[in-house]
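Open the model in your viewer and show side chains as sticks. The stops below go one selection at a time.

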Amino acid sequence: SHTIKFNLTSEDLENQIRNHLAKQYQMKKEATINGRLIYYDTFDWRLFNKSFVLYALEDELILRKIGRDRKIHSLGTKTVPGFIWEFPEGDLKQHLEPVIKMRRLLRLVDLTSRITPYRILNKDEKTVAKLCFETIRPRSRKDPKTVGAQLWLKSIKGYPKYSKKVKNQIESLGITSSKDEEIFLQAMRESGRDPGSYSSKLHLPLTPDMSAEEATVEIWRFLFQVIKINAAHIEQDIDTEILHDFRVAIRRTRSALVWNKNIFSEKTIARFQKNFSWVGKISNELRDLDVYLLKKDEYKAMLSAVLRDDIDPLFEYLGKKRAASLRKAIRIFNSKKYRRIMQDWQSFLDDPQYDLISG
């Protein structure tokens with residue numbers, strides 16, 4: 001059977017379409033289906049950047065391309081795994097693994113889908129087409145607004161001309177069929193998210209006519225955004241790669257300080273080198289422990305099967321040590337010294353004190 005989708009601009013259109021079609025056809029309403037719809041991606045939008053949408057609809061996790069209704073793979077599951085190694089072996093895991101790698105899947109938005117199905121009957125009371133009106137809203141009761149409304153027209157095998165006629169009837173009301181990815185992008189907009197907005201990769205509009213100091217300040221400003229975004233999420237401990245991205249941005253900032261000894265004043269460069277050296281050390285122990293724990297399965301695989309379980313107490317100890325290390329790092333991130341260093345750097349980037357540039 002073939003399915004055609006119409007994006008509806010409002011729920012009121014449901015009554016208008018239903019009344020219009022009821023003049024021509026016998027319509028039988030079926031039980032309304034309420035479902036929970038949750039979209040997922042990684043912190044750095046790895047799925048969206050590859051044009052994938054991953055969502056859980058009730059107890060099914062579904063992967064498809066943005067703008068297409070056809071499922072690529074799906075998995076029946078009551079709980080959505082966070083990391084790829086928590087997925088059962090199968091097609092979905094194979095498809096996701098090279099995309100999300102070591103990053104955790106995070107819940108982006110939690111919605112309720114309400115579907116009202118109708119069967120369209122011919123004179124013999126045989127079902128010749130199906131209509132499904134779908135309304136999607138935020139799950140939170142405090143937020144009653146509609147995220148999106150759509151209509152699905154499903155043809156029935158052996159009765160293609162009926163669905164064609166129904167399509168024409170719907171289009172006569174000025175409603176056109178659509179392949180647009182409406183609900184996912186609209187849900188992101190409504191929740192204030194900007195898909196693809198975060199990346200730790202350096203994509204900067206540097207131009208040949210920029211001076212060395214202008215280009216450097218552009219790079220530093222970009223890196224500072226990466227530092228701030230990740231620092232704000234370290235405390236939540238949702239994904240070890242957040243700390244990794246933070247540390248890489250600090251390292252790159254320090255490298256650029258070394259290159260620019262001949263552009264900015266030595267005194268300014270020395271101050272920030274000292275400051276960022278201290279910031280870099282805050283999380284050394286935490287990152288080392290993350291790496292050990294992430295490689296737990298690799299380390300266990302090096303041992304013979306008989307000895308594998310004997311190493312578990314070591315990883316339990318490392319897990320406790322990591323929890324303590326995270327608490328310690330969070331205290332330092334919240335300290336006056338850390339805040340002062342970041343404010344000082346922000347002030348420098350706002351006004352890079354070109355008067356301090358040595359000739």
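**Stop 1: a buried arginine**

Select Arg103 and Asp44: their side chains make a polar contact at 3.2 Å. Keep in mind that this is a predicted model. Now add Asp239. Its side chain makes a polar contact with the side chain of Arg103, at 2.9 Å.

Where does Arg103 lie? It is in the loop between helix H3 (91-100) and strand E7 (106-121). Buried or exposed? Arg103 has a relative accessible area of 0%, so it counts as buried, the cut-off being under 20%. Expand the selection to what Arg103 touches, leaving aside residues up to four places away in sequence. You should pick up Thr42, Phe43, Asp44, Arg46, Gly82, Phe83, Asp239, Glu241, Ile242 and Asp245.

**Stop 2: aromatic pairs**

Aromatic rings come next. Two numbers matter here: a pair of rings is described by the distance of the centres and the angle of the planes. The model has 19 aromatic pairs, counting ring centres within 6.5 Å.

Select Phe48 and Phe184. Their ring centres are 6.3 Å apart and their planes stand at 35 degrees, so the pair is tilted. Phe48 lies in helix H2 (residues 46-49) and Phe184 in helix H5 (residues 183-190), so the pair ties together parts 136 residues apart in sequence. Colour by accessibility. Phe48 is partly exposed, at 21% relative accessibility. Phe184 is buried, at 2%.

Move to Phe272 and Trp345. The centres are 4.7 Å apart and the planes meet at 70 degrees, so this pair is edge-to-face. Phe272 sits in helix H8 (residues 266-282) and Trp345 in helix H12 (residues 336-350); the pair links distant parts of the chain, 73 residues apart. Phe272 is buried at 1% relative accessibility. Trp345 is buried too, with a relative accessible area of 0%.

Which residues join Phe272 and Trp345 in a cluster? Add Trp220, Phe264, Phe276 and Phe348: ring pairs link them with Phe272 and Trp345.

**Stop 3: charges over rings**

Select Lys65 and Phe52. The charged end of Lys65 sits over the ring of Phe52, 4.5 Å from its centre. Then try Lys165 and Tyr162. Lys165 lies over the face of Tyr162, at 5.8 Å from the ring centre.

**Stop 4: confidence**

Colour by pLDDT. The protein chain averages 88, and 95% of the residues score at least 70. Finish at residues 355-359. There pLDDT stays under 50, and the model has nine contacts for this stretch beyond four places in sequence. Where pLDDT is low, the predicted coordinates should not be read in detail.

Definitions and conventions
Residues are numbered from 1 along each chain as its sequence is written. This is a predicted model: local features need pLDDT of at least 70, side-chain atom pairs count only at pLDDT 80 or more; totals for chains, interfaces and linings use all residues. Side-chain values use heavy atoms; hydrogens and water are left out. Rings of Phe, Tyr and Trp (its six-membered ring) pair if their centres lie within 6.5 Å; planes under 30 degrees apart count as stacked, over 60 as edge-to-face and the rest as tilted. Helices (H or I, at least four residues) and strands (E, at least two) are DSSP runs, numbered from the N terminus. Buried means under 20% relative accessible area, exposed over 50%, partly exposed in between (1.4 Å probe, protein chains only). A charge sits over a ring if NZ of Lys or CZ of Arg is within 6 Å of the ring centre and within 35 degrees of the ring normal. pLDDT is the predictor's confidence in each residue, from 0 to 100. Contact means heavy atoms within 4.5 Å. A polar contact is a pair of N or O atoms within 3.5 Å; within protein, one must be able to donate a hydrogen and the other to accept it, and residues adjacent in sequence count only if both atoms are side-chain atoms.
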